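Reader: Hello! I have a model open and would like a close look at one part of it. Could you walk me through that part and its surroundings?

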Amino acid sequence: MDLLRPVRRVHRRVLLHRRPLAALSAGAAVLLGLQVVEPPAPETVGVWTASRDLDSGRVLSRGDLVRTEVSPDAAPPAALDRAEAVGRTLAAPMTAGEVVTRVRVLTRGVLTGYPGHAAVPLRVTDGAVVPMLRVGDRVTVVAVDPDARSEPVPLVDDAPIVALPRSDGGGISGGIDGSQPGRLVVVAVPNHRAVEVSANAAAMYLTVIWRR
């Protein structure tokens with residue numbers, strides 16, 4: 001019996017299929033090379049950002065937020081997760097894609113002691129006035145037509161200040177978002193007047209008269 005017959009049979013089969021085998025080996029080598037050379041995927045972390053431009057005074061809902069992957073260095077340490085952000089009131093406008101942080105929202109306890117009231121952020125046009133105010137002061141907010149077509153009118157009277165958001169840059173003349181003059185103050189307004197006050201304030205210059 002020819003003991004070498006199986007060896008010869010395998011050899012013939014290898015010779016017969018040498019081209020496909022060579023191509024398969026080359027493909028495997030290329031794939032292995034790509035796996036070795038390809039850099040690892042960059043590390044990212046998930047943060048919650050504004051899904052669209054949002055106005056100050058808006059109560060955040062789930063639809064206002066979208067999860068975005070960013071590099072760890074780009075994630076603000078004060079970033080909020082969605083459970084923390086939903087239901088909070090924006091202390092300043094946000095642009096689409098901006099990360100939601102603690103400095104952008106009002107604390108949950110600002111309306112403690114004011115049942116039936118809403119927290120309404122109002123931008124006092126003369127930012128130099130705001131450092132003289134304190135939480136708890138009661139103010140009359142006066143609206144002034146920027147085109148001087150009408151007389152100044154009280155927008156809201158005897159409203160308690162419940163928060164004084166700080167400006168990002170620490171200055172007193174620039175807005176918290178850097179685009180408008182003045183500084184924000186947050187006042188407690190009866191629920192039935194909150195929308196009216198917020199809407200009127202958006203088109204007017206504001207100043208305050210207060211008593212301690």
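Is Val189 buried or exposed, and what is its relative accessible area?

Author: Happy to take you through it, and please keep in mind that this is a predicted model. Val189 is buried: its relative accessible area is 0%, and anything under 20% counts as buried. The residue lies in strand 6. Seven of the eight residues of this strand, which covers residues 183-190, are buried, so strand 6 is largely enclosed by the rest of the structure.

What does Val189 touch? Leaving out residues up to four places away in sequence, Val189 is in contact with Gly116, His117, Ala118, Val120, Val156, Ala194 and Val197. For a point of reference in your viewer, take Asp158: 31 residues separate Asp158 from Val189 along the chain, and their C-alpha atoms are 9.4 Å apart.

Let's look at the strands that pair with strand 6. Strand 3 (residues 117-124) pairs with strand 6 in the antiparallel sense, over eight bridges. You can locate this pairing from Val124, whose bridge partner in strand 6 is Arg183. Strand 5 (residues 153-163) also pairs with strand 6 in the antiparallel sense, over two bridges. Here Ile161 stands opposite Val187 of strand 6.

Strand 5 has a further pairing, with strand 4: the two run antiparallel and are joined by five bridges. Arg138 has Pro160 of strand 5 as its bridge partner. Strand 4 (residues 138-144) is mostly covered, with five of its seven residues buried.

Asp158, our reference point above, deserves a second look. Its place is in strand 5, and it is partly exposed, with a relative accessible area of 30%. Most residues other than glycine have a negative phi. Asp158 is not a glycine, yet its phi is positive, at about 55 degrees.

Now for the packing of side chains. In soluble globular proteins, nonpolar side chains tend to be buried together. In this model the largest nonpolar core has 22 residues, and the ones that touch the most other members are Leu122, Val141 and Val187. At least two residues of this core come from each of strand 3, strand 4, strand 5, strand 6, helix 4 (194-202) and strand 7 (205-211). Val141 has contacts with Leu122, Val153, Pro154, Leu155, Val156, Leu206, Thr207 and Val208, again without residues up to four places away in sequence. Val156 is thus on the contact list of Val141 and also on that of Val189. There is a second, separate core as well, made of eleven residues, among them Leu60, Ala85, Leu90 and Val100.

Since you work in computational chemistry, you may also like to see the empty space. Rolling a probe the size of a water molecule over the atoms shows where such space is left. The largest pocket has a volume of about 760 Å³. Its lining comprises 35 residues, and those closest to the pocket centre are Ser56, Gly57, Pro121, Leu122 and Ser198. Strand 3, helix 4 and strand 7 are the elements that give two or more residues to this lining. By type, the lining divides into 22 nonpolar, eight polar and five charged residues. Leu122 therefore turns up twice, as one of the core residues with the most contacts to other members and as one of the lining residues closest to the pocket centre.

Helix 4 offers one more landmark. Asn200 is found in this helix and is partly exposed, with a relative accessible area of 36%. Its C-alpha atom is separated by 8.2 Å from that of Ala143, a residue 57 positions away along the chain.

Finally, here is the wider setting. The protein chain has four helices and seven strands, which follow the pattern α-α-β-β-α-β-β-β-β-α-β along the sequence. Of its 212 residues, 31% count as buried. Among contacts in the chain with a separation of 6 or more, 65% are between residues 24 or more positions apart. So, back where we began, Val189 sits in strand 6 with a relative accessible area of 0%.

How values were computed
Residues numbered from 1 in each chain as written. Predicted model: local features only at pLDDT ≥ 70, side-chain atom pairs only at ≥ 80, totals over all residues. Heavy atoms only, no water. Buried < 20%, exposed > 50% of the residue type's maximum accessible area, 1.4 Å probe, protein only. Pairing = 2+ DSSP bridges. Core = buried A, V, L, I, M, F, W, Y, C linked by side-chain atoms within 4.5 Å. Contact = heavy atoms within 4.5 Å. 1 Å grid on protein atoms, 1.4 Å probe; cavity = no way out; pocket = protein on both sides within 12 Å on 5 of 7 lines; lining within 4 Å. Points joined across faces, edges and corners; volume = space filled by probe spheres on them. Nonpolar A, V, L, I, M, F, W, Y, C, P; charged D, E, K, R; others polar.
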